[in-house]
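Please open the structure and keep it in view while you read. The notes are short, and each can be checked by eye.

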Amino acid sequence: MTEGVTERCWFCDTRPADGDPYEVHLHGEVQRTSEPRVHAYMSTTRLTWRKETVLVPRCSLCEKAQQRIGVAVGLYIVLAVVGLFAMVGGLALADRLAPDSPWGALSPILTLGLVIVGFVWLHRRSKAIVREFGMVRDTSDVAQYGRAKQLLDAGWALGEEPPG
Ligand SMILES: [Zn+2]
């Protein structure tokens, strides 16, 4: 980094980028090359690609905000998975203890309701964090960031390697 030059955080567009940059992994120029062998049916396909990590300047406050959102997302996923397991367990238990109880019909509805309520909570929590930290852009907007956009426009894709 050049001393004396303070880059601005891309996410809030106000504070100096004094945090760890946000990393965007991209890959492109995927090439499939067939290498015929002795037997035609044994030809192998070789996949090669290039990758690049784009560093998006970020301030320490936006970094903190994004970590908080990450924690909220993680918490939601854990609770949703636990909820689904509890539902399946509850159903099996209800079936054994009281086959005629209404629990069997109610629990999927209750679980689904909680999953939706949780999702609304997650959405509002993220919005509140974004507002609290004065962010004008989110990590989901990084495709618009200069170098990332340039590569995506050139046919590159997000992620470290091509799928499959
Ligand atoms: Zn910032």
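The points below go through the sheet, the helices and a few backbone angles.

1. Start with the status of the model. This is a predicted model. Keep that in mind at every point below.

2. Next, the sheet. It is an open sheet of three strands. Their order is 2-1-3, and the pairing is antiparallel. The edge strands are strand 2 (44–56) and strand 3 (157–158). Each of these pairs on one side only.

3. How many bridges link strand 1 and strand 2? There are 12 bridges, and the two strands pair in the antiparallel sense. Strand 1 covers residues 22–35. For one bridge to look up, take Tyr22: its partner in strand 2 is Val56.

4. Now the other side of strand 1. Two bridges join strand 1 to strand 3. These strands also run antiparallel. Find His27 here: its bridge partner in strand 3 is Ala157.

5. Helix 3 comes next. It spans residues 146–153. Helix 3 lies across strand 1 and strand 2. Its direction makes an angle of about 20° with strand 1.

6. Then turn to helix 2, residues 103–132. It has 30 residues. From first C-alpha to last, helix 2 reaches 41 Å. That is close to the 44 Å expected at 1.5 Å a residue. As a reminder, an α-helix has 3.6 residues a turn, so residues three or four places apart point the same way.

7. What follows helix 2? Gly134 does, and its phi is positive, near 60°.

8. Two residues other than glycine also deserve a look. Asp13 has a positive phi, near 60°. It is found in the segment before strand 1. Is Asp13 buried or partly exposed? Asp13 counts as partly exposed because it has 13 C-beta neighbours inside 10 Å.

9. The second is Glu29. Its phi is positive too, near 50°, and Glu29 is not a glycine. Where is Glu29 found? It is in strand 1. Glu29 counts as exposed because it has 12 C-beta neighbours inside 10 Å. The cut-off matters here: a residue is exposed if 12 or fewer other C-beta atoms lie within 10 Å of its own.

Definitions and conventions:
Residues numbered from 1 in each chain as written. Predicted model: local features only at pLDDT ≥ 70, side-chain atom pairs only at ≥ 80, totals over all residues. Pairing = 2+ DSSP bridges. Helix = DSSP H or I, 4+ residues; strand = E, 2+ residues; numbered from the N terminus. Contact = placed C-beta atoms within 7 Å. Axes fitted to C-alpha atoms, helices over the stretch in contact; angles between N-to-C directions. Buried ≥ 20, exposed ≤ 12 C-beta atoms within 10 Å, placed from the backbone. Expected span 1.5 Å × (residues − 1).
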